[in-house]
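This report describes the internal packing of one protein chain. The sequence and the structure are shown first, and the description follows.

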Amino acid sequence: MVCYFKPEDIEKLHAGREDMHRQFAELRDRFLGRKYQTERGHEFAYHGFSRRLGTMVRAVDVVFEKLPPELDEIPERDTVVDETLTIQAFVMNVFGCLDNLAWIWVCEEAVLNAEGKELESLRAGLGPKSKEVRASFSKEFLAYLDKRQGWIDKHLKGFRDSLAHRIPLYIPPFIVTPETVDKYNELEKASGDAIQKRDFELYDKLQAEQRVLGIWRPWMTHSVRRSLPAPCFTPSFCRTMWRSTSLPVEMLAEMERQKI
């Protein structure tokens, strides 16, 4: 079976993973080395944002180890399920990082609601709906957030919302080509009939025949019925990690700009 990625792309992916570790270490040191004015701001920085970022980095490492870009054969089903869980955790923690950054700002800047009271949890965020928080930002930081909002909505929100409320993120165990799809569907129907007859030996045999027809692709989606994009999760991880570290860097710059 031919590997999905070209050799030069595999080299770039591994280089990106190494760069991710460097960026994470630098960013962690900046957040952990900062002096916070409030205990709650300190907690969100240390035990919220930094811990989540470490989880995301580990998630990338686990996927690289279990489903490496060099993989050219169908992995074991349990491996795919394990890495599906890892990717789901990654996606949820990306959004958790954004919320933790917002809470660090709310605590350190003492952002209050219209009545001058503590801001409600649902009002703390970086998006357009968090008006009290955004009103405290500089024009420079608002322009940066507006520029990033399209990426958040397009590449993260769809996966997060579907994972939390609709169809969960999914890595297909394998795919079939147009040339073999009819045979695959025939075996699928026969497998269903075998299950109804409780002929588990025949069912296992038919499932093995289906597997022979498949090829491995490092894709992820949250619907196998609708015409939705199925991005490759390995490069998607690297791009998301890069963007996820650029936003907190800008947040630190905003805190310095406003002397917080």
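Which residues of the largest nonpolar core touch the most other members? The model examined here is predicted. Among the 47 residues of that core, Phe-31, Phe-49, Leu-101, Ile-104, Trp-105 and Leu-126 touch the most other members.

## Nonpolar cores

Two or more residues of this core come from each of α1 (7–32), α2 (39–66), α3 (77–109), α5 (139–165) and α8 (233–257). The greatest contribution is that of α3, which supplies twelve residues. A second core, of 15 residues, lies apart from this one, and its members include Val-91, Leu-169, Trp-216 and Met-220.

Leu-101 illustrates the contacts made by one member of the largest core. When neighbours within four places in sequence are set aside, Leu-101 is in contact with Phe-31, Phe-49, Leu-126, Leu-247, Pro-248 and Met-251. Of these partners, Phe-31, Phe-49 and Leu-126 are themselves listed with Leu-101 among the residues that touch the most other core members.

## Packing of α1 against α2

The axes of α1 and α2 approach within 11 Å, and their crossing angle is roughly 165 degrees. Because angles over 145 degrees count as roughly antiparallel, α1 is described as roughly antiparallel to α2. The crossing of α1 past α2 is left-handed.

On the α1 side, the contact is formed by Leu-13, His-14, Arg-17, Met-20, His-21, Phe-24, Leu-27, Phe-31 and Leu-32. On the α2 side, the participants are Ala-45, Tyr-46, Phe-49, Ser-50, Leu-53, Gly-54, Val-57, Val-60, Asp-61, Phe-64 and Glu-65. Phe-31 and Phe-49 thus take part in this helix contact and also rank with the residues that touch the most other members of the largest core.

## Cysteines

How many disulfides does a search of the whole structure find? The search finds zero. For Cys-97, the closest cysteine sulfur is that of Cys-107, and the 16 Å between them is too far for a bond. Viewed from Cys-107, the closest cysteine sulfur is in Cys-97, again at 16 Å and too far for a bond.

Both residues are nevertheless removed from the surface by the accessibility criterion. Cys-97 counts as buried because its relative accessibility is 5%, and Cys-107 counts as buried at 14%.

## Pro-69 in the loop between α2 and α3

Pro-69 is located in the loop that lies between α2 and α3. Is Pro-69 buried or exposed? Its relative accessible area is 2%, so Pro-69 is buried.

Beyond neighbours within four places in sequence, Pro-69 is in contact with Cys-3, Phe-5, Ile-10, Leu-13, His-14 and Phe-64. Leu-13 and His-14 of α1, together with Phe-64 of α2, also belong to the contact between those two helices. Pro-69 and Lys-6 are separated by 63 residues in sequence, while their C-alpha atoms are 9.3 Å apart in space.

## Two positions in α5

Leu-156 is placed in helix α5 and counts as buried, at 5% relative accessibility. Leaving out residues up to four places away in sequence, Leu-156 touches Val-94, Phe-95, Trp-151 and Thr-240. The separation between Leu-156 and Arg-34 is 122 residues in sequence and 29 Å in space, C-alpha to C-alpha.

Gln-149 also has its place in helix α5. A relative accessibility of 16% is under the 20% limit, so Gln-149 counts as buried. Outside its neighbours within four places in sequence, Gln-149 is in contact with Gly-127 and Pro-128.

Technical notes. Residues numbered from 1 in each chain as written. Predicted model: local features only at pLDDT ≥ 70, side-chain atom pairs only at ≥ 80, totals over all residues. Heavy atoms only, no water. Core = buried A, V, L, I, M, F, W, Y, C linked by side-chain atoms within 4.5 Å. Buried < 20%, exposed > 50% of the residue type's maximum accessible area, 1.4 Å probe, protein only. Helix = DSSP H or I, 4+ residues; strand = E, 2+ residues; numbered from the N terminus. Contact = heavy atoms within 4.5 Å. Disulfide = S-S within 2.5 Å. Axes fitted to C-alpha atoms, helices over the stretch in contact; angles between N-to-C directions. Parallel < 35°, antiparallel > 145°, perpendicular 65-115°, else oblique. Left-handed = near helix turned anticlockwise from the far one by under 90°.
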